[in-house]
Structure formats: C-alpha cells, structure tokens
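Please work through the following exercises on backbone geometry, packing and pockets with the structure open beside you. Each task is followed by a solution that goes step by step.

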Amino acid sequence: LDILRKEMGYEGLIVTDAVSMKGLAAAFTHEDVYIECFNAGNDIILFCNVDYIDVMEKAVLDGRVSVERVDDACRRVLELKEKLGLFDFSKPASPLCANENADFEKTCYEIAAKGMTLVCNQDNLLPFDPAKVKKVAIIAVSPDATFHTSLQVMKDAFAAYGIETTILERLSSKKQLRELDETCDIIIYACFLAQSRPLGMSVYARKEELYTLFHSLSFGADKSIGVSFGAPSIYYNYFENVDAFINAYSPDEQTMRAFVDGILGKFPFNETSPVPLTPEFKDQ
C-alpha cells in the first residue's frame, strides 16, 4: 500500500482481497484482521462478517482507528460512486451495449488465459494438435450440479474446432474408462470444489466423486489431463499422478473457453503458481 500511495501517487480506492482467508486468521485475531487491514490503507474490507461495523465502531471509540482514517476511506468511496454516476437518479440504469459486452467478455477471456497455471506437463503432453483430435471425453469431478451444467460451455468450445465431445457426470467403472480410452483422443478430468463449500479444507466426500477418483487414470493415462476450476489444492490432494494438470481457478464461461484454446495450443500457459501447492510441515 505504501508503494501505491507514496511511490506511485495513487489516490483512488483500495479494496482488500477476501479477509476470510486462513493466512490472515493465522496471523491476526478476528478483530485485528479488520483493524490492521483498514489502518494499512484499505478503504473497503472484502468478505467481512456481520460484526464488522460493531468491531470498527469499537475501534474508533477506543482509539485503535482514527476518525481521520474513516473520513479518508469514506471520501474515496463516495468520490468513486459519484464518478460512476450512482448519485445521478435522473438517468435510468441501462444495460451494457453490444460493444461493451464484447469488451467485457474479451477482458475476462484475457484474464483467464493469463491467469491459469500449468502445474505439470510430463513428456510435453500439452498442447494437443487440434487437427489430430476428433473426440474428447469430459469427466466431471464435483458435487456441484451447476458446475456440471457449466461444462456445456467447454463442449461448445471444442465443437468450434469440429471436435465431438461427451460429458460424463461420474465414472462408474474401469470398464467405462477403458471404452473412453478406446474411442477418445483426450480424456479431461474437470474438477471443481469451492473453497467455502464446505467451510474449511476442500475435499471430496460423496461416493460419486470418490468412485470417479478411484477409477481415474486406470486407462487412458497417456491422453488424460486434469483441470481444477476451483480449489488449487485438488492437484496435490488427488491428481499428482496425472501427466498434465491445470489450475484454472474459476468455472466461468470465458475460463472454460480459454482452457480449451490453451490445451489446443492457441496460447502458452503460465507455469508459475500464485499459491504453494505442496504443504509445509513445521516442527512443533
């Protein structure tokens, strides 16, 4: 924040990342997370609990947060709202025009393409040559029904290359996987676990996903890739034996499209993970 304010002269609004992350909870008490982030120069605290106002009011009254700092943050919030026209009630809200929607989708795609991480790529399995890919199997590994529905976007993205795609909600047997190996050129294990569902560590618990994980890679390992559209820990917890794995971080439409383009060689993947994937064990 010193770099933004002092070195770069930035005077705009600053918003935290999610303050519910465990890294902050390990370093600060619940109340101090809010107070320290706010005093550091963040104007909006993201993903705070319902007690945020009470905590901050108490901190102002006992002197841990100054009134001047509160006024400074409020000023920035109000100035941005004014610039966005949120106080001009004479103008009715209007949806984005076609060009604005196109720009928005283009930006989302670019962010997704630059942001996803190629975690491993043994024997240079990726990228695949789209001219040699005729059929793809997508195996969903998620308890989230909405994620299964979102995989249709990935299927449509393959269809744009003239590639036939089958989506499976689970693997029922090794025999089923062997049949996919015999008929498909790529087998994709499309994973999704949200960081907050359930609260705490993201793990697979339903028998449908556990059966799929048990049968996975029994056949077709040489053409199989894994991808997580949610928690980045899925690779370390379940898929270290796969030759190629990608952390895509989000199940949105543009991420699905960017994933397909990336594995078919349209752009190179980033190979530096923003988060550590291997747990560290510390002496007690």
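**Exercise 1. Find the loop that holds L217, and state the sign of its phi.**

Solution. L217 sits in the loop between α9 (207-215) and β7, where helices (H or I, at least four residues) and strands (E, at least two) are DSSP runs, numbered from the N terminus. Its phi is positive, about 65°, although L217 is not a glycine. The model is a predicted one, in which local features need pLDDT of at least 70 and side-chain atom pairs count only at pLDDT 80 or more, while totals for chains, interfaces and linings use all residues. Residues are numbered from 1 along each chain as its sequence is written, and side-chain values use heavy atoms, with hydrogens and water left out.

**Exercise 2. Describe the backbone at F47 and at the bond between L126 and P127.**

Solution. Start with F47, which is found in the loop between β2 (44-46) and α4 and has a phi near 65°, a positive value in a residue other than glycine. F47 is exposed, with a relative accessible area of 55%, given that buried means under 20% relative accessible area, exposed over 50% and partly exposed in between (1.4 Å probe, protein chains only). Turn next to L126 and P127, which are joined by a cis peptide bond with omega about 0°; P127 lies in the loop between β3 (117-121) and β4. As background, most residues other than glycine have a negative phi, and most peptide bonds are trans.

**Exercise 3. Determine which residues have the most contacts inside the largest nonpolar core, and which element gives the most to this core.**

Solution. A nonpolar core is a set of buried Ala, Val, Leu, Ile, Met, Phe, Trp, Tyr and Cys residues joined through side-chain atoms within 4.5 Å. The largest has 38 residues, and those with the most contacts inside it are M154, F158, I188, F229, F259 and I263. Among the elements that give two or more residues to this core are α6 (98-115), β4 (135-141), α7 (145-159) and α11 (253-263), and α7 gives the most, with six residues. F158, leaving aside its neighbours within four places in sequence, is in contact (heavy atoms within 4.5 Å) with V136, I138, I163, T165, I188, V260, I263 and L264. Apart from this core lies another, of 23 residues, among them C120, L217, A231 and F245.

**Exercise 4. Characterise the surroundings of I187 and of T16.**

Solution. I187 is found in strand β6 and is buried, with a relative accessible area of 0%. Its C-alpha atom is separated by 4.9 Å from that of A137, although the two residues are 50 apart along the chain. Beyond four places in sequence, I187 touches residues including A137, I139, L177, F219 and I225. T16, in strand β1 (residues 15-18), also counts as buried, at 10% relative accessibility. A polar atom of the T16 side chain lies 2.8 Å from the backbone nitrogen of L46, and L46 is one of the residues that T16 touches, together with C37, N42, I44 and I45, when residues up to four places away are not counted.

**Exercise 5. State which element gives the largest share of the lining of the second largest pocket.**

Solution. The elements that give two or more residues to this lining are α4 (52-61) and α5 (67-83), and the largest share, five residues, comes from α4.

Methods
A polar contact is a pair of N or O atoms within 3.5 Å; within protein, one must be able to donate a hydrogen and the other to accept it, and residues adjacent in sequence count only if both atoms are side-chain atoms.
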